[in-house]
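Open your viewer and keep the selection tool ready. We will go stop by stop.

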Amino acid sequence: MPPYEVPALFEPFRRLGAHRQLTATGAGLGLSIVRSVAATHGGQAAATGREDGGLVVTVTLPGDPSD
């Protein structure tokens, strides 16, 4: 996945390439929901493309302030 394509995948209703729109189920909301939930809890969601294909998604959430 080209690095310049990754940020767009966090936008609602976005998928990479027309071929995935014809063969995959879903509406392209997954990563936008992940980002929204993470942000609601004070965290972040980030993604990077893998050299051999696919995507690595990392969600970071703050720790419990009482710890």
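What share of the contacts in the chain with a separation of 6 or more comes from residues 24 or more positions apart? The share is 25%. Keep in mind that this is a predicted model.

**Stop 1: the whole chain**

Show everything as a cartoon. You should find 2 helices and 2 strands. Starting at the N terminus, the elements run α-α-β-β. Now switch on the surface. The accessible surface of the chain comes to about 5000 Å². Carbon and sulfur atoms hold 57% of that surface. How many of the 67 residues count as buried, in per cent? The value is 15%.

**Stop 2: helix α2**

Select residues 30–40. This is helix α2. Colour Leu-31, Ser-32 and Ala-38, the buried residues of the helix. Where do these residues sit around the axis? They lie on the same side of α2, because they cover an arc of only 130° around the axis. Next, add residues 44–49 and 55–60, which are β1 and β2. The buried residues of α2 pack against these two strands.

Move on to Gly-42. This glycine follows α2. Its phi is positive, near 80°.

**Stop 3: the strand pair**

Hide the helices and look at β1 and β2. In which sense do the strands pair, parallel or antiparallel? They pair in the antiparallel sense, over 6 bridges. Pick out two partnerships. Select Ala-46, and opposite this residue in β2 you will find Thr-58. Then select Ala-47, whose bridge partner in β2 is Val-57.

Here is a rule to carry along while you look. In a regular strand, side chains alternate between the two faces of the sheet.

Now follow the chain between the strands. The hairpin has 5 residues there. Stop at Gly-53, where phi is positive, near 105°.

**Stop 4: Val-59**

Stay in strand β2 and select Val-59. Is this valine buried or partly exposed? Val-59 is partly exposed, because its relative accessible area is 42%, between the limits of 20% and 50%. Now show its contacts, leaving aside neighbours within four places in sequence. They are Val-34, Ala-38, Gln-44 and Ala-45. You have met Ala-38 before, as a buried residue of α2.

Try a distance as well. Pick the C-alpha atoms of Val-59 and Gly-43. They are 7.3 Å apart in space, while the residues are 16 apart in sequence.

**Stop 5: the loop**

Go to the loop between β1 and β2 and select Glu-51. Glu-51 counts as exposed, since its relative accessibility is 89% and the cut-off for exposed is over 50%. Next, select Met-1. How far apart are the C-alpha atoms of Glu-51 and Met-1? They are separated by 7.8 Å, although the residues are 50 apart along the chain.

**Stop 6: the salt bridges**

Show the charged side chains. Side chains of opposite charge can pair when their charged atoms come close. The structure holds 2 salt bridges.

Begin with Arg-35 and Glu-11. Their side chains meet at 3.6 Å, N to O. This pair links distant parts of the chain. Arg-35 is in helix α2, Glu-11 is in the segment before α1, and they are 24 residues apart. Arg-35 is partly exposed, with a relative accessible area of 33%. Glu-11 counts as partly exposed too, at 35% relative accessibility.

Then select Asp-52 and Arg-50. Their side chains form a salt bridge at 3.2 Å, N to O. Asp-52 counts as exposed, at 62% relative accessibility. Arg-50 counts as partly exposed, at 40%.

**Stop 7: a nonpolar patch**

Bring the surface back. Which residues form a nonpolar patch there? Select Phe-13, Leu-29, Ile-33 and Val-37. Together they have about 370 Å² of accessible area.

Finish on Phe-13. This residue lies in the segment before α1, and α1 covers residues 18–23. Phe-13 is exposed, because its relative accessible area is 58% and exposed means over 50%.

Notes
Residues numbered from 1 in each chain as written. Predicted model: local features only at pLDDT ≥ 70, side-chain atom pairs only at ≥ 80, totals over all residues. Heavy atoms only, no water. Buried < 20%, exposed > 50% of the residue type's maximum accessible area, 1.4 Å probe, protein only. Helix = DSSP H or I, 4+ residues; strand = E, 2+ residues; numbered from the N terminus. Arc of directions from axis to C-beta. Contact = heavy atoms within 4.5 Å. Pairing = 2+ DSSP bridges. Patch = residues over 30% accessible without salt bridge, like charges linked within 9 Å, V, L, I, M, F, W, Y side chains within 5 Å. Areas by Shrake-Rupley, 256 points an atom, 1.4 Å probe, with all protein chains shown as cover. Salt bridge = Lys/Arg side-chain N within 4 Å of Asp/Glu carboxyl O.
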